[in-house]
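Here are my notes for your first read of this model. Keep the structure open beside the text and check each point as you go.

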Amino acid sequence: MKQNDEKWLKKERRKGGERRRPGGGRPPFVERRKRERRKSLYNMVPEEKRNLWREKRVAFIGCGNMGSALISGILGSGLISKDKVLVTDIRPKRLEYIRKKEGVSTTENNREAVEKCDIIVLAVKPQVMERVLSEIKDVVTGDKLIISIAAGITTGFIEKVLEKEVPVVRVMPNTPALVKTGASGLCPGKYAGEEEETVAEQMMSRVGIVVKVPEEMLDAVTALSGSGPAYIFYIIESLIEAGMEMGLSEDDARKLVNQTVLGAVNMVMETGESPQVLRHKVTSPGGTTEAALKYLEEKGFQKILIAAVKEAAIRSKELSKG
Ligand SMILES: NC(=O)c1ccc[n+]([C@@H]2O[C@H](COP(=O)([O-])OP(=O)(O)OC[C@H]3O[C@@H](n4cnc5c(N)ncnc54)[C@H](OP(=O)(O)O)[C@@H]3O)[C@@H](O)[C@H]2O)c1
């Protein structure tokens, strides 16, 4: 009991045992306990969500760029311990690499991994997905969760090949996930509920941000953030080229461009201002920026960029139809 509480009780006893303070106030310990109870209720939701992973074993089928980035992400953040992770790949070298780097268990047997685990992350290329699904289908049971990161492979396709009512969550990540600044779109399949979505969301949030979308929006996500890093690389490449054409060394041009792109993104994220407002702020009438932007507008740069992203979405739709 805190000193204040004792003082309060003594005072109240002297007054004849009245439990309420004059003026209607409650004793300090009652208020404190109420505060603590409110705090623990507030904490319960994330705590419960963490438990979703704590009791599970997870298999990664395919340990290439994405698979290994995700394994490092979930282990590094403490979402799961290494003794609960089992990794498969057809390349023994990849398995040796991840075993040495992360201390996880590995096997070349996909069926064994599925049998031993509760969450199955499919991180193989889309072309081999059907083969992998057919291989594991009779050891997949309805109480397992399938998380697929394969581009263009629909939840419907996975459910159909597995021939059972199994929860599937589909994720569309992007390469910056390799440096923990990824952006993923996520959608549940027919048999996946909120809990399964949360499990997948928690995994992906270890390597970046996650946006939940209906499955029909995944082609747009693929076009925007999936392919997006390539558009930005292209812009970076072109700006470096411009710097060099104007006489700067490649090294100086690269340093200036990289930092400019990073700075511009940080300004958008940290100021909360729209890119249009920020653009207007650096565009003084008759100035240098205006000269460049005017040229881009005349050449229809924005329209071209928007059309290009839409092309990517059309291609994504075509690919997911097979
Ligand atoms: N990388 C990205 O930026 C990115 C972005 C969005 C989505 N994705 C999706 O993420 C998935 C993985 O991409 P990734 O870049 O990580 O590919 P990756 O580096 O090629 O990794 C896939 C690994 O799976 C192995 N593999 C092939 N068949 C297998 C089988 N039957 N069983 C077990 N392992 C097998 C591959 O071996 P082999 O090399 O010998 O085939 C390779 O080591 C793809 O479906 C892709 O669409 C990737």
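**Notes on the model**

1. Start at the ligand. Helices α3 (65-76) and α6 (126-136) each supply at least two residues of the shell around the ligand. Helices here are DSSP runs of H or I with at least four residues, strands are runs of E with at least two, and both are numbered from the N terminus. In total, 26 residues surround the ligand. Among these, Gly62, Gly64, Met66, Ala150 and Ala151 are the closest. To be near the ligand, a residue needs its C-beta atom, placed from the backbone, within 6 Å of it. By type, the shell holds 13 nonpolar, nine polar and four charged residues. Nonpolar covers Ala, Val, Leu, Ile, Met, Phe, Trp, Tyr, Cys and Pro; charged covers Asp, Glu, Lys and Arg; the others, Gly among them, are polar.

2. Next, how far to trust it. This is a predicted model, where local features need pLDDT of at least 70, side-chain atom pairs count only at pLDDT 80 or more, and totals for chains, interfaces and linings use all residues. Residue numbers start from 1 along each chain as its sequence is written. The mean pLDDT (the predictor's confidence in each residue, from 0 to 100) is 89 for the chain, and 84% of the residues reach 70 or more. Two stretches need care. Residues 17-24 have pLDDT below 50, with five contacts in the model beyond near neighbours in sequence. Residues 37-45 are also below 50, and there the count of such contacts is zero. A contact means two C-beta atoms, placed from the backbone, within 7 Å.

3. Now the overall make-up. The chain has 14 helices and eight strands. Of its 322 residues, 29% are buried. Buried means that 20 or more other C-beta atoms lie within 10 Å of the residue's own; exposed means 12 or fewer; partly exposed is in between; C-beta atoms are placed from the backbone. Take the contacts with a separation of 6 or more: 64% of them join residues 24 or more positions apart.

4. The sheet comes next. Eight strands make an open, mixed sheet in the order β3-β2-β1-β4-β5-β6-β7-β8. Two strands count as paired if DSSP finds at least two bridges between them. Why do β3 (105-107) and β8 (208-212) each have one side without a neighbour in the sheet? They stand at the edges, each with a single partner strand, so one side is left free of a neighbour. From one strand to the next, the twist averages 25 degrees. Those angles, from 0 to 180 degrees, are taken between N-to-C directions of axes fitted to C-alpha atoms.

5. Three parallel pairs are worth tracing. Strand β1 (58-61) joins β2 (85-88) over four bridges, and Ala59 has Leu86 as its partner in β2. Four bridges also link β4 (119-122) and β5; here Ile120 partners Ile146. Strand β7 (182-188) runs parallel to β8 with five bridges, and Ala183 is matched with Ile209.

6. Look at both faces of two strands. In a regular strand the side chains alternate between the two faces of the sheet. In β2, Val85 and Val87 point one way, Leu86 and Thr88 the other, and all are buried. In β5 (145-148), Leu145 and Ile147 lie on one side, Ile146 and Ser148 on the other, and all are buried.

7. Which residues of α7 (155-162) are buried? They are Thr155, Phe157, Ile158 and Glu159. These buried residues pack against α6, β5 and β6 (168-172).

8. Check Thr106 in edge strand β3. Thr106 is buried because 21 other C-beta atoms lie within 10 Å. Not counting residues up to four places away in sequence, Thr106 touches Val87, Thr88, Leu95, Ile98 and Arg99. Leu95 is eleven residues away along the chain, yet the two C-alpha atoms are 6.1 Å apart.

9. Finally, two backbone oddities to inspect. Glu163 sits in the loop between α7 and β6, with phi near 55 degrees, a positive value in a residue other than glycine. Glu163 is exposed, as 12 other C-beta atoms lie within 10 Å. Lys180, in the loop between β6 and β7, also has a positive phi near 55 degrees. Lys180 is partly exposed, with 14 other C-beta atoms within 10 Å.
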